[in-house]
Amino acid sequence: MQSKSSLLSLSDKISLMLDIYNFRWSVSENLKHMTNIKLSHIIQVWMWKFFQVDGDIFQIGPGYVVLKLKAFFGDVLVLQTVTPIEPLKQKLSHYFYASKFLGFIMKFVIFGETVQVARDAMIWDYKTFVRNPILPKEEKQIKLYRNWFSQFYSSNSKSFQDSRNDLTW
């Protein structure tokens, strides 16, 4: 799947700066509890690639993510954990690893991640569960992801509605 957005344009048809994302999500064939996303993020100025980051993202179960990034400035490893605290409340932790040489650049990476999580949290706080949402074809990956994620629930798991009504564990 590819997403393009214009960051700076002269008109509807002429873009001076583009933000281009390419990604492919898949479930591991041998390890059904694991998914992989191949990611490429490019900032293009006029016709030239100004900045490119390629990544491999591995989600292992519902609460652990390994993100490996490769860019012209070096490699970065990000580990993410999601730990349940109470119903409808989780602790999200990020661990960043890179060479000391990348210290200054990592400040921007961490700032960007902080801003993105803060924006996402505003959506997470007000989301509602829809059993069979109507999704455009560009978002069919959401249904595949939900189907993959459902393997981590059993018939004894509390439903979303039960969790909202009874906030005790």
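Helices are DSSP runs of H or I with at least four residues, and they are numbered from the N terminus. The exercises below concern a predicted model.

**Exercise 1. Determine how F104 and F108 are placed relative to each other along helix 1, and how their rings meet.**

Solution. Begin with the helix itself: F104 and F108 are four residues apart in helix 1, so about one helical turn separates them. Next, take the rings, which form an edge-to-face aromatic pair with 5.3 Å from centre to centre and 85 degrees between the planes. Finally, consider the surroundings, where both F104 and F108 turn out to be exposed.

**Exercise 2. Describe the overall order of helices and strands in the protein, and how much of the chain is buried.**

Solution. Start by counting elements: the protein has three helices and seven strands. Reading along the sequence then gives the pattern β-β-β-β-β-β-β-α-α-α. Turning to burial, buried residues make up 21% of the 169 residues, while the protein exposes about 13000 Å², of which carbon and sulfur atoms supply 60%. As for contacts with a separation of 6 or more, residues 24 or more positions apart account for 27% of them.

**Exercise 3. Characterise the aromatic pair of W25 and Y145, and state which parts of the chain the pair ties together.**

Solution. The count of aromatic pairs comes to 11. The pair of W25 and Y145 is edge-to-face, with 6.0 Å centre to centre and 70 degrees between the planes. Because W25 lies in strand 2 (residues 15-27) and Y145 in helix 2 (residues 140-149), the pair ties together parts that are 120 residues apart in sequence. The two partners can then be classified by accessibility: W25, at 14%, counts as buried, since buried means under 20% relative accessible area, whereas Y145, at 28%, counts as partly exposed. As a last step, place the pair in its wider setting, where ring pairs link W25, Y145, W148, F149, F152 and Y153 into a cluster.

**Exercise 4. Locate the salt bridges of the structure and classify their residues by exposure.**

Solution. Side chains of opposite charge can pair when their charged atoms come close. A search of the whole structure finds two salt bridges. In one of them, the side chains of K38 and D56 meet at 2.9 Å, N to O, and this pair links distant parts of the chain, with K38 in strand 3 (residues 34-45) and D56 in strand 4 (residues 48-60), 18 residues apart. K38 is partly exposed at 36% relative accessibility, and D56 is also partly exposed, with a relative accessible area of 21%. In the other, the side chains of K70 and D75 meet at 3.3 Å, N to O; here K70 is exposed, with a relative accessible area of 52%, while D75 is partly exposed at 45%.

**Exercise 5. Place S93 and W124 in their secondary-structure elements, and decide whether each is buried or partly exposed.**

Solution. Take S93 to begin with: this residue lies in strand 7 (residues 89-97) and is buried, with a relative accessible area of 10%. Leaving aside neighbours within four places in sequence, S93 is in contact with L79, Q80 and T81. Now turn to W124, whose place is in helix 1 (residues 103-124). W124 is partly exposed, with a relative accessible area of 43%, and together with V82, L92 and I123 W124 makes a nonpolar surface patch of about 350 Å².

Key: Residues are numbered from 1 along each chain as its sequence is written. This is a predicted model: local features need pLDDT of at least 70, side-chain atom pairs count only at pLDDT 80 or more; totals for chains, interfaces and linings use all residues. Side-chain values use heavy atoms; hydrogens and water are left out. Patches are made of residues with over 30% relative accessible area and no salt bridge: like charges are joined within 9 Å, nonpolar side chains (Val, Leu, Ile, Met, Phe, Trp, Tyr) within 5 Å. Accessible areas come from the Shrake-Rupley method with a 1.4 Å probe; for residues, only the protein chains shown count as cover. A salt bridge is a side-chain nitrogen of Lys or Arg within 4 Å of a carboxyl oxygen of Asp or Glu. Helices (H or I, at least four residues) and strands (E, at least two) are DSSP runs, numbered from the N terminus. Buried means under 20% relative accessible area, exposed over 50%, partly exposed in between (1.4 Å probe, protein chains only). Contact means heavy atoms within 4.5 Å. Rings of Phe, Tyr and Trp (its six-membered ring) pair if their centres lie within 6.5 Å; planes under 30 degrees apart count as stacked, over 60 as edge-to-face and the rest as tilted.
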